[in-house]
Amino acid sequence: MALDQSFVGRTYPPTDPYEVGREKIREFAEAVGDTNPAYTDTEAAKALGHPDAIAPPTFVFAITFKAAGQVIADPQLGLDYSRVVHGDQKFAYTRPVRAGDRLTVTSTIEAIKSMAGNDILDIRGEVHDEAGEHVVTAWTKLVARAAEEG
């Protein structure tokens, strides 16, 4: 069953603040195999003009995807998550995520499309710091595969 187009433009409440920790950044950088010293060494980050260690660009996925969970779990939307695969991800940064940031995410449904029985859901996550300044926008594309016939 196709998702309801009237949900396009729906915005969900901001998440509780997520405090970015140096250790979380280090663990993430190690997990993705990125050895940039700005991710693990505060002095290296400061030498590049940052006030503290910065996070790899995809680090923010963890908090934006969690925020997208509000959309996914919305019973009125009717998304069958058991059929969902991650279709695409992109980010547009105003500035890097830094250790010590307290970030909130506000999710909005940008588009709903149906193709070949599949539902395609585009979710935009606006990430702001505790001063209300924009940090990054993340776009997540989810594809709910068509139910198999028979």
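This passage looks at the salt bridges of a predicted model and at where some of their partners sit.

In total, twelve salt bridges are found in the structure. A good place to start is the pair made by Asp74 and Arg10, whose closest N and O atoms are 3.3 Å apart. Asp74 belongs to the loop between helix H3 (61-72) and strand E2 (84-93), while Arg10 belongs to the segment before strand E1 (18-19), so this salt bridge ties together parts that are 64 residues apart in sequence. The two partners can also be described by their accessibility. Asp74 is buried, its relative accessible area being 10%, whereas Arg10 is partly exposed at 31%.

A second salt bridge brings together the side chains of Arg102 and Glu130, with an N to O distance of 3.3 Å. Here too, distant parts of the chain are linked: Arg102 lies in strand E3 (residues 102-115) and Glu130 in the loop between strand E4 (118-128) and strand E5 (134-144), 28 residues apart. Arg102 is partly exposed, with a relative accessible area of 31%, and Glu130 is exposed, with a value of 63%.

A further salt bridge joins the side chains of Lys113 and Asp122, this time with 3.6 Å from N to O. Lys113 is partly exposed, at 38% relative accessibility. Asp122 is buried because its relative accessible area is 12%, and buried means under 20%.

Finally, salt bridges can share partners, and in this way Glu19, Arg102 and Glu130 are joined into one network.

Key. Residues are numbered from 1 along each chain as its sequence is written. This is a predicted model: local features need pLDDT of at least 70, side-chain atom pairs count only at pLDDT 80 or more; totals for chains, interfaces and linings use all residues. Side-chain values use heavy atoms; hydrogens and water are left out. A salt bridge is a side-chain nitrogen of Lys or Arg within 4 Å of a carboxyl oxygen of Asp or Glu. Helices (H or I, at least four residues) and strands (E, at least two) are DSSP runs, numbered from the N terminus. Buried means under 20% relative accessible area, exposed over 50%, partly exposed in between (1.4 Å probe, protein chains only).
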